[in-house]
Amino acid sequence: MASADVQSGVSQPPNSTVYVRNLEERIKIDDLKEALTEIFSEYGTVIDLVAKRNLKAKGQAFVVFEDVEAAERAIREVQGFELFDKPMLLDYAKTKSDATVQREGNEEDLELHKRRRLAEKERKQAHQAAEDQKKLKRPAGATAPDAATARPIKATRGAGLKSSNPGAGAVVPEEYLPPNKILFVQNLPEDYDVDGLTAIFGRFEGFREVRLVPGRKGIAFVEYEAEAGAISAKESTAGMGLGPESKPIKVVYQRQ
């Protein structure tokens with residue numbers, strides 16, 4: 001199906017999941033998955049095929065084979081093959097698929113795999129948010145100040161004060177802060193105490209404690225032994241409705 005020179009497009013080490021890109025975005029997902037399944041099942045047993053509708057994932061798919069050898073055959077033969085008048089570009093996926101992890105391990109391995117993937121995703125979002133903030137703060141055509149001539153900025157006392165220095169570090173929005181083991185919970189009903197919050201957050205792995213802030217209502221900090229527990233808690237509780245009015249709470253990672 002493909003010429004030998006297109007193999008140069010492979011950049012990842014071999015594994016059982018094939019990453020497919022440059023797919024026709026106007027094709028319905030169900031039709032696309034059916035076509036991909038028909039093509040790739042010629043090279044081995046396909047145990048999962050992931051293609052999503054969201055804008056960021058359009059034009060891409062992941063084909064999960066039963067073994068690495070099938071993935072190797074598929075990449076060798078299908079690389080550059082035209083589907084809906086567009087040549088498919090194939091590589092091995094960067095990480096193992098959920099289906100592969102579940103097949104090789106157990107439910108605990110799968111949960112750990114998902115947490116690590118989520119943590120990596122949130123780290124990337126935090127990095128991108130910081131970069132976007134820097135671009136917004138930097139005037140058009142401005143260049144970074146020379147380290148030898150730049151005037152040092154004096155530290156300012158007090159929290160929440162914004163520096164007038166355009167080269168100052170960007171503040172990452174709290175929604176995109178990288179994972180850590182402490183959660184900052186906001187919009188809590190005033191009548192929720194340590195016991196009430198422990199009942200909610202204490203069911204996640206490695207729970208340590210809930211800390212209320214004296215003199216401040218509606219907020220709390222929840223600490224875990226490791227990031228994994230905080231990640232699971234955040235994903236499960238963010239937006240949870242509490243109180244008589246089921247007001248959604250806000251759960252983010254503590255700013256370091």
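User: Among contacts between residues at least 6 apart in sequence, what percentage join residues at least 24 apart?
Analyst: In this predicted model, the question concerns contacts within the protein chain between residues at least 6 apart in sequence. The share of these that join residues at least 24 apart is 67%.

User: How many helices and strands does the protein chain have?
Analyst: Helix α1 covers residues 29-40, and helix α6 covers residues 227-237. The full count for the protein chain is 6 helices and 12 strands.

User: Is Lys234 buried or exposed?
Analyst: Lys234 belongs to helix α6. Its relative accessibility is 11%. Buried means under 20%, so Lys234 is classed as buried.

User: How far is Lys234 from Pro179 in space, C-alpha to C-alpha?
Analyst: In sequence, Lys234 and Pro179 are 55 residues apart. Their C-alpha to C-alpha separation in space is 9.7 Å.

User: Which residues form a negative surface patch with Asp31?
Analyst: Asp31 lies in helix α1. Because its relative accessible area is 40%, Asp31 is partly exposed, and patch members need over 30%. The other members of the negative patch are Asp30, Glu34, Glu38 and Glu42.

User: What part of the accessible surface of the protein chain belongs to carbon and sulfur atoms?
Analyst: Of the 256 residues in the protein chain, 32% are buried. The accessible surface of the chain is about 16400 Å². The part belonging to carbon and sulfur atoms is 49%.

Definitions and conventions. Residues are numbered from 1 along each chain as its sequence is written. This is a predicted model: local features need pLDDT of at least 70, side-chain atom pairs count only at pLDDT 80 or more; totals for chains, interfaces and linings use all residues. Side-chain values use heavy atoms; hydrogens and water are left out. Helices (H or I, at least four residues) and strands (E, at least two) are DSSP runs, numbered from the N terminus. Buried means under 20% relative accessible area, exposed over 50%, partly exposed in between (1.4 Å probe, protein chains only). Patches are made of residues with over 30% relative accessible area and no salt bridge: like charges are joined within 9 Å, nonpolar side chains (Val, Leu, Ile, Met, Phe, Trp, Tyr) within 5 Å. Accessible areas come from the Shrake-Rupley method with a 1.4 Å probe; for residues, only the protein chains shown count as cover. A salt bridge is a side-chain nitrogen of Lys or Arg within 4 Å of a carboxyl oxygen of Asp or Glu. Lys and Arg count as positive and Asp and Glu as negative; His and the chain ends are not counted. The place of a charge is taken as NZ of Lys, CZ of Arg, CG of Asp or CD of Glu. Contact means heavy atoms within 4.5 Å.
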